[in-house]
Amino acid sequence: MKKSAAVLIGGVLALSSVGCGSGSTTEPGGKVQININGQPPQTQAFDRKVFDEDVAEFETANPDIDLVPHEGFMDPKTFSAKLAGGQLEDVFYVYFTDPAALIARKQAADLTDYVKDVPHYGDLKQELKDVFTVGGKVYGLPTANYTMGLLYSRANFTKAGLDPDSPPKTWDEVRSAAKKLKDAGVTGFAEYSKSNQGGWHFTTWMKSVGGDVARKDGDTYKADFNNDKGKEVLRRLKEMRWDDNSMGEKQLLEIGDVQNMMGAGQLGMYLAAPDNVAAIVNQFKGKYDDYGLAAIPEQKGTLLGGEGYMINPKATPEKIKAGLKWIQWKYLNPDRLEGNLQKYKDRGQPVGLPIPPIADIWTGEPRKKQEELKAKYATMPVKNFQAYVDGSEKTKGSLEPPQAQQVYAILDSVVQATLTNSDADHSALLKDAETKVNAVLAQVK
């Protein structure tokens with residue numbers, strides 16, 4: 001849900017003079033030429049500049065490799081046609097929701113025999129590597145991820161007599177804190193309920209209490225929320241919304257509404273990933289000092305999302321090796337981390353959140369090194385977000401369900417009814433949604 005999987009910048013589909021993922025492996029002079037996507041658009045000036053600088057630096061360090069960058073990302077609607085037409089890049093960006101289907105359709109190269117030579121591959125979080133692994137074979141590399149946590153206003157916590165250095169760890173504690181925040185004059189807790197975002201967050205709630213919205217059942221999936229876990233989630237929402245009135249009267253909210261409330265100092269808490277903090281500061285005039293990020297309440301599970309790169313199944317061994325070298329050097333390189341952080345800080349970019357260039361993907365020594373460097377170069381109080389970082393080590397993340405957007409659209413109505421009707425029949429809502437979701441999941445092959 002973090003990004004639309006249909007994002008595609010104009011130009012990706014344009015034919016290149018060198019083609020994409022086709023043609024000879026080497027240029028005159030023995031260079032291996034590879035087409036890569038993921039280049040930010042010109043409108044993202046800082047990110048584009050960093051990407052282009054990295055391409056030039058990589059080519060200087062690897063004179064036998066010629067990178068041909070392409071703007072844009074992965075569009076499932078055009079992917080198969082690009083692959084069949086020879087226009088798919090050699091190295092292509094994917095969301096974590098993409099690999100399973102691509103692997104099943106044999107639309108990504110088998111990298112099993114190559115990743116053993118990728119530096120630090122063994123230090124990546126196993127749950128992230130699992131996204132690209134099927135039947136013991138590896139088909140891609142994760143480069144960034146997010147999990148959902150609890151974003152809160154430290155300023156409003158202090159105003160309400162709560163300790164901002166000790167955020168809620170359970171849903172009971174969230175409810176208690178929300179009531180105190182309401183008594184202090186702000187909305188205690190906010191939740192999305194439209195534009196598929198209510199279903200997205202309902203899924204996060206389900207995972208936090210040890211449940212899910214879909215389970216594998218043989219060769220397909222079945223809805224898995226019409227149960228005690230689903231009723232618990234709706235009960236907790238009802239208690240805060242109607243019994244405590246700590247969620248306020250205004251409902252049918254989506255992400256921009258809630259970020260605006262937080263930036264304006266009108267909100268205490270909501271579920272979010274780390275990039276929300278930057279959005280609140282950049283778009284809604286917030287201050288980094290005023291916010292904290294904690295682990296998901298209960299820590300029985302959380303929603304996992306992210307991105308990575310796969311390689312064209314038609315790529316030659318030379319292109320596969322060159323492509324993996326680029327991915328590792330650019331995205332998975334602890335040796336470049338300090339220089340990257342220095343660059344971000346020198347150019348006025350925020351440093352300290354667990355988002356790129358400090359992606360939360362490492363274990364062991366690389367993770368230890370990253371945390372030390374993050375503290376060294378931070379432009380914000382890192383301690384405000386440490387509870388989230390520590391919690392992510394202990395909380396299992398799992399992916400979105402199949403046909404996620406269709407499932408979320410159905411579940412929106414369940415959350416909306418709970419938050420707008422004090423007499424909503426939770427059992428009936430879940431049963432009706434179960435029937436509709438099963439019809440959607442029956443289409444999954």
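User: Why is the crossing of α9 and α16 given a handedness, and which one is it?

Analyst: In this predicted model, the crossing of α9 and α16 is right-handed. A crossing gets that name if the near helix is turned clockwise from the far one by less than a right angle. The axes of helix α9 (residues 228–243) and helix α16 (residues 404–420) cross at roughly 35°, and they come within 9 Å.

User: What makes α9 and α16 a contact, and which residues meet?

Analyst: Contact means heavy atoms within 4.5 Å. On the α9 side the residues are L234, L237, K238, R241 and W242; on the α16 side they are V414, T418, L419 and T420. By class, this contact has five nonpolar, two polar and two charged residues.

User: How do you know that the chain has domains, and where do they lie?

Analyst: An automatic or database domain assignment sets the bounds. Domain 1 covers 32–138 + 305–332, while domain 2 covers 149–301 + 395–442. Their centres, taken over C-alpha atoms, are separated by 33 Å.

User: What makes a void a cavity, and how many cavities of 30 Å³ or more are there?

Analyst: A 1.4 Å probe must fit inside but be unable to get out. The search of the whole structure finds two such cavities of 30 Å³ or more. The second largest has a volume of about 50 Å³.

User: Which residues line the second largest cavity, and how do they divide by class?

Analyst: The lining consists of T147, M148, A295, I296, T302, Y388, G391, S392 and T395. Four are nonpolar, five polar and none charged; Gly counts as polar and Tyr as nonpolar. Helix α15 (residues 386–394) gives the most, with three residues.

User: What makes the second largest pocket a pocket, and what is its volume?

Analyst: A pocket is an open set of points, whereas a cavity is one the probe cannot leave. The volume of the second largest pocket is about 160 Å³. Its lining is made of Y114, D117, V118, P119, K321, L324, K325 and Q328, which divide into four nonpolar, one polar and three charged. Helix α12 (residues 317–331) supplies the largest share, four residues.

User: What makes K285 noteworthy in its backbone, and where is it?

Analyst: Most residues other than glycine have a negative phi. K285 is not a glycine, yet its phi is positive, about 65°. This residue is found in the loop between α11 (275–284) and β12 (291–294).

User: Why is the peptide bond between P356 and P357 singled out, and what is its omega?

Analyst: Most peptide bonds are trans. The bond joining P356 and P357 is cis, with omega about 10°. P357 has its place in the loop between α13 (337–346) and α14 (364–377).

Key. Residues numbered from 1 in each chain as written. Predicted model: local features only at pLDDT ≥ 70, side-chain atom pairs only at ≥ 80, totals over all residues. Heavy atoms only, no water. 1 Å grid on protein atoms, 1.4 Å probe; cavity = no way out; pocket = protein on both sides within 12 Å on 5 of 7 lines; lining within 4 Å. Points joined across faces, edges and corners; volume = space filled by probe spheres on them. Helix = DSSP H or I, 4+ residues; strand = E, 2+ residues; numbered from the N terminus. Axes fitted to C-alpha atoms, helices over the stretch in contact; angles between N-to-C directions.
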